[in-house]
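Biologist: Let's go through this model and test the words we use for it. I ask, you justify.

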Amino acid sequence: MQTFASVLGDAVALILSGDADLMEIIALSLRVTITAVIAACLIGLPLGAVVGAFRFPGRTLATVLLNSLMGLPPVVVGLVVYLALSASGPLGPLGLLYTPTAMVIAQTILVTPIVAALTRQVIEDLDREYSEQFRSLGVGPLTRIGALLWDARYSLLTVALAGFGRAVAEVGAVIIVGGNINHVTRVMTTTIALETSKGNLELALALGVVLLVIAVLVNAAVMGLRASAARAAYA
Amino acid sequence: MREAAARTEVEDAASIAAAAVPALLEAQGLRLEIGGKRLIDGIDIRIGQGRKTMIMGANGAGKSLLLRLLHGLIVPTAGRMTWRGGPLDKSARRAQAMVFQRPVMLRRSVLANLAFALKVRGLRGPAREARIAEALDKAQLGDLARSPARVLSGGEQQRLALARALACDPELLFLDEPTASLDPASTQAIESLIADASRRGVTVVMVSHDLGQARRLADDIVFLQAGRVAESGPASRVLCSPRSEAAGAWLEGRLFLDGQGAQG
């Protein structure tokens with residue numbers, strides 16, 4: 001039986017060797033995750049801002065819904081997207097099942113409520129501060145949303161980071177709609193699950209290390225940016 | 001005796017002069033109830049064009065609420081407001097600006113704070129640049145133009161807030177205790193900007209607790225007590241010989257809290 005230390009040593013060696021398969025998996029993971037987070041931000045940021053800044057009938061219900069959807073079970077999302085994209089599903093003719101696009105769709109559905117719910121809270125707090133000044137100036141609804149999103153930009157980076165964290169660590173939904181096909185839809189998390197079941201622990205652990213390093217680097221970058229913004233009183 | 005008669009004559013002349021000025025904003029029967037409590041109770045107020053009207057009164061009298069009602073930030077429970085004798089429409093609202101007691105600074109530079117307000121008011125290109133330069137110059141904030149607005153001192157932030165409001169070229173400027181908790185130098189700078197705006201024809205409605213400030217700036221005074229107008233009139237008359245007991249007690253320092261006079 002291999003010791004943890006020897007497996008970790010082999011994993012680090014694999015990373016340092018720049019193994020082509022490993023790099024391909026890492027690249028696809030990042031491509032799918034970043035695309036999904038961008039899509040989720042494009043939908044979730046304005047959605048959260050509207051719910052946070054405006055008073056309308058059903059606003060409380062919308063807030064409860066957004067908060068509840070933050071805990072969407074990934075396998076359920078995977079199943080729903082699978083049914084929609086399968087040959088007999090409404091989006092079947094698009095032929096997206098078992099493609100990276102299907103994985104992006106599933107991840108976007110999972111991440112959007114997180115981005116929207118957290119954005120709502122950030123924007124609601126900021127709007128409380130700006131509300132009277134904006135009404136005094138006669139700021140219109142579109143300008144108001146734009147200004148709130150822009151002025152909350154550093155706080156919203158943390159929101160996007162939370163979405164990134166959820167997307168990059170996601171397994172259940174992407175394995176259902178992506179199928180974990182080698183050189184096509186194999187990403188870090190699905191590979192870890194597969195290689196662990198096969199007993200190929202070096203590759204699984206190497207990918208685990210890379211995942212952790214990415215998470216730490218992205219967090220450090222965002223925190224650094226927020227800290228410098230706070231020092232300059234823009235946050 | 002002769003002195004008192006002369007003073008009465010001056011006061012009467014001031015009252016007549018104030019009444020002769022056409023009304024810019026007028027409110028009748030203004031009432032505000034929140035949670036069954038009547039906070040503003042049937043206020044009639046007339047803001048003369050080009051005048052500096054100061055709303056005074058003890059804490060909790062409803063001064064800031066009245067200011068917000070007049071500016072349209074709060075919808076009254078009842079009452080009617082007119083602008084130059086006509087309806088108070090959207091264009092009338094855009095001819096007004098307000099500076100709050102705690103200045104609201106966007107998380108942007110001094111320059112961007114001014115630019116945002118002017119962009120909202122539809123000013124673009126070189127006209128906007130010129131207006132920003134003028135505002136920075138008047139508020140003596142030129143050196144701080146690129147600094148984040150939120151790192152400015154309290155006095156600088158209030159000067160920026162006032163400069164931002166005045167850059168919008170309002171006909172009517174509302175000021176909610178703009179010099180509260182500022183040092184004498186900052187207070188003087190703010191008062192100088194207000195006086196300058198008034199000389200250019202801007203009508204000013206201002207909430208203040210500062211009697212010295214009232215003597216320096218106010219043309220008219222509206223004295224509130226418990227959400228009602230206890231007394232109003234030319235500043236020279238209200239400050240020298242108040243007719244209401246509430247205003248008299250407050251001016252003598254006997255009215256500490258709303259409706260509570262000191263014993264003895």
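Biologist: How many helices and strands does chain B have?
Modeller: Ten helices and twelve strands. Keep in mind that this is a predicted model.

Biologist: What share of chain B is made up of buried residues?
Modeller: Of its 264 residues, 51% are buried. The cut-off for that word is under 20% relative accessible area.

Biologist: What share of the contacts in chain B, at a separation of 6 or more, joins residues 24 or more positions apart?
Modeller: That share is 68%.

Biologist: And how much area does chain B expose?
Modeller: About 12200 Å², with carbon and sulfur atoms supplying 50% of it.

Biologist: Now chain A. Why is H4(A) called oblique to H5(A)?
Modeller: Helix H4 of chain A covers residues 74-85, and helix H5 of chain A covers residues 100-137. They pack at an angle of about 135°, their axes 10 Å apart. Roughly perpendicular stops at 115 degrees, and roughly antiparallel needs over 145. The angle of about 135° fits neither class, so H4(A) is oblique to H5(A).

Biologist: Is that crossing left-handed or right-handed?
Modeller: H4(A) and H5(A) cross in a right-handed way.

Biologist: Which residues meet there?
Modeller: H4(A) brings A:Pro74, A:Val77, A:Val81 and A:Leu85. H5(A) answers with A:Ala102, A:Ile105, A:Ala106, A:Ile109 and A:Leu110. By class, this contact has nine nonpolar residues, no polar and no charged ones.

Biologist: What makes A:Ala53 count as buried?
Modeller: Its relative accessibility is 3%. Buried means under 20%, so A:Ala53 qualifies.

Biologist: Where is A:Ala53, and which residues does A:Ala53 touch?
Modeller: A:Ala53 lies in helix H2 of chain A, residues 20-53. Leaving out residues up to four places away in sequence, A:Ala53 touches A:Ile123, A:Asp127, A:Arg144, A:Ile145 and A:Leu148. Take A:Ile145: 92 residues from A:Ala53 in sequence, yet 7.4 Å away in space, C-alpha to C-alpha.

Biologist: How do you know that H2(A) and H6(A) are roughly perpendicular?
Modeller: The axes of H2(A) and H6(A), residues 141-151, come within 10 Å and cross at roughly 110°. The class runs from 65 to 115 degrees. The crossing falls inside, and therefore the two helices are roughly perpendicular to each other.

Biologist: Which residues make that contact?
Modeller: From H2(A), A:Leu45, A:Pro46, A:Ala49, A:Val50 and A:Ala53. From H6(A), A:Arg144, A:Ile145, A:Leu148 and A:Leu149. They divide into eight nonpolar, no polar and one charged.

Methods:
Residues numbered from 1 in each chain as written. Chains lettered and ligands numbered in written order. Predicted model: local features only at pLDDT ≥ 70, side-chain atom pairs only at ≥ 80, totals over all residues. Heavy atoms only, no water. Helix = DSSP H or I, 4+ residues; strand = E, 2+ residues; numbered from the N terminus. Buried < 20%, exposed > 50% of the residue type's maximum accessible area, 1.4 Å probe, protein only. Contact = heavy atoms within 4.5 Å. Areas by Shrake-Rupley, 256 points an atom, 1.4 Å probe, with all protein chains shown as cover. Axes fitted to C-alpha atoms, helices over the stretch in contact; angles between N-to-C directions. Parallel < 35°, antiparallel > 145°, perpendicular 65-115°, else oblique. Left-handed = near helix turned anticlockwise from the far one by under 90°. Nonpolar A, V, L, I, M, F, W, Y, C, P; charged D, E, K, R; others polar.
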